[in-house]
Structures are given as structure tokens and as C-alpha cells.
Amino acid sequence: MSLRFFCLFALALLAACSSKPPAPVHVPSESPASSVETPLPANLRELTGVLASSQGYLPAGSEVELALLVMDARDRPQQTLSSLSLHGTGGALPFHLRFDPQNFPAGARVELHARVAQGGQLAWRLRPLPIAQAQSQALGELRLVPAP
């Protein structure tokens with residue numbers, strides 16, 4: 001009886017190995033541009049907007065840096081409240097820069113700065129944009145100017 005059981009088991013194993021594998025289940029992947037932002041935690045605020053050059057787009061592969069800076073009287077950065085690095089996509093570039101409002105100094109001058117490097121050289125920059133209040137703000141489209 002055990003020999004019959006062994007033969008039957010071997011045949012079942014061979015049959016299972018020779019059958020076609022099940023068709024893979026296709027799960028659509030989301031592209032980074034269409035991915036949904038994670039919800040904003042209650043203790044943070046964010047600046048949102050879109051960066052665009054004078055041509056209306058940022059070249060694909062360009063390196064974009066955004067920073068929320070505390071500035072002194074001589075226009076020197078004293079503290080970085082938040083920063084973000086992005087890569088140009090060949091179009092206007094949306095951004096979400098989150099920061100902690102508790103770190104926002106009362107009475108200090110806070111500015112949003114941005115710069116775009118292409119091929120390792122500074123290509124565009126954002127004229128300093130004053131941020132007066134530590135609250136979430138939609139800044140709209142921000143035009144970058146060519147770097148000198």
C-alpha cells in the first residue's frame with residue numbers, strides 16, 4: 001500500500017510541476033508625479049506652489065533646491081527651517097515644503113529661496129520670497145529668473 005501511495009504522490013508532484021504557472025496579476029504602479037502626498041501631520045505646516053522658469057518649464061534632470069531660511073540684517077542665512085531637493089521633470093515643478101511652526105522665530109525675517117542647477121552649474125534662482133507667518137500657504141506659480 002505504501003508503494004502505491006508513493007507512486008501516486010510522485011505522479012501528483014510531476015503533474016503539478018508540469019502545469020502552466022498562473023497568470024500574473026497586473027497591479028498598476030503609480031508614477032511619482034501622480035502619487036498622492038501623505039497627509040500633513042497636525043504639528044506641521046507647509047508651503048505649496050509650482051516652480052517654473054521664464055520658459056515655463058524646468059529641464060528634465062535639473063537639480064532643484066528649496067529652502068526656508070531665517071535671514072539676518074546683512075542678508076545672510078542664519079538658520080534653515082526646512083529644505084527640499086527635487087529633480088526637474090521637463091515641465092513646471094510642484095512642491096510641498098513642510099516645516100515646524102514652533103521653529104519659526106517671532107520677529108525674524110524668514111524667506112523662501114530656490115535654485116536650479118543644470119549640469120552642475122547654477123541656471124535659475126528664485127528671488128527671495130518673504131514668508132511672514134508660520135502657517136500653511138499656497139504660493140501659486142513662482143517664476144525663477146536666470147542666474148547671473
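This is a short dialogue on how to read the features of a predicted protein model.

User: Where do I start, and what helices and strands does the protein have?

Analyst: A good start is the list of elements and their order. This predicted model has one helix and nine strands. Going along the sequence, the pattern is α-β-β-β-β-β-β-β-β-β.

User: How many residues does the protein have, and what share of them count as buried?

Analyst: The protein has 148 residues, and 28% of them count as buried. Its exposed surface comes to about 10200 Å², with 59% of that supplied by carbon and sulfur atoms. You can also look at contacts: among those between residues at least 6 apart in sequence, 63% join residues at least 24 apart.

User: Now the sheet. Which strands form the open sheet, and in what order?

Analyst: The order is β4-β1-β8, three strands in an open sheet with mixed pairing. β4 and β8 (137-143) are at the edges; each has a single partner strand, so one side of each has no neighbour in the sheet. From one strand to the next, the twist averages 20°.

User: Which pairing is parallel and which is antiparallel?

Analyst: Take the two pairs in turn. β1 and β4 are antiparallel, with seven bridges; on that side, T48 stands opposite H96 of β4. β1 and β8 are parallel, with five bridges; here L47 has Q137 in β8 as its bridge partner.

User: What are the covered and uncovered faces of β4?

Analyst: Try following the side chains along the strand. L93, F95, L97 and F99 make up the covered face of β4, while P94, H96 and R98 make up the uncovered one.

User: F99 is on that list. Which residue forms an aromatic pair with F99?

Analyst: The structure holds one aromatic pair. F99 and F104 form it, 6.0 Å centre to centre with 40° between the planes, and that makes a tilted pair. Both of these residues are buried.

User: Why would nonpolar side chains be found together?

Analyst: The general idea is that nonpolar side chains tend to be buried together in soluble globular proteins. In this model, the largest nonpolar core has 23 residues, and those with the most contacts inside it are L47, L51, L58, L68, F95, L112 and L144. At least two residues of this core come from each of β1, β2, β4 (93-99), β5 (109-118) and β6 (121-125).

User: Could you pick one core residue? What does L58 touch?

Analyst: Not counting residues up to four places away in sequence, L58 touches a list of residues including L51, V64, L93, V116, W124 and L144.

User: Is L126 buried or exposed?

Analyst: To decide, compare the relative accessible area with the cut-off: under 20% is buried. L126 has 7%, so this residue is buried. L126 lies in the loop between β6 and β7 (129-130). Leaving aside neighbours within four places in sequence, L126 is in contact with L112, A114, L142, R143 and L144. The C-alpha atoms of L126 and V116 are 8.8 Å apart, and these residues are ten apart along the chain.

User: And E46, is that residue buried or exposed?

Analyst: E46 has 16% relative accessibility, so E46 counts as buried. E46 lies in strand β1 (residues 45-52). Apart from neighbours within four places in sequence, the contacts of E46 are L40, H96, L97, R98, F99, Q135, S136 and Q137.

User: What about S54? Where is this residue placed?

Analyst: S54 is in the loop between β1 and β2 (63-71). With 46% relative accessibility, S54 counts as partly exposed. S54 also shows how to compare distance in sequence with distance in space: S54 and V145 are 91 residues apart in sequence, with their C-alpha atoms 6.5 Å apart. Beyond four places in sequence, S54 touches W124, R143 and L144.

User: One last feature: what is the phi of D75?

Analyst: As background, most residues other than glycine have a negative phi. The phi of D75 is near 60°, a positive value in a residue other than glycine. D75 lies in the loop between β2 and β3 (77-87), and at 52% relative accessibility D75 counts as exposed.

Conventions:
Residues numbered from 1 in each chain as written. Predicted model: local features only at pLDDT ≥ 70, side-chain atom pairs only at ≥ 80, totals over all residues. Heavy atoms only, no water. Helix = DSSP H or I, 4+ residues; strand = E, 2+ residues; numbered from the N terminus. Buried < 20%, exposed > 50% of the residue type's maximum accessible area, 1.4 Å probe, protein only. Contact = heavy atoms within 4.5 Å. Areas by Shrake-Rupley, 256 points an atom, 1.4 Å probe, with all protein chains shown as cover. Phe/Tyr/Trp six-rings, centres within 6.5 Å; stacked < 30°, edge-to-face > 60°. Core = buried A, V, L, I, M, F, W, Y, C linked by side-chain atoms within 4.5 Å. Pairing = 2+ DSSP bridges. Axes fitted to C-alpha atoms, helices over the stretch in contact; angles between N-to-C directions.
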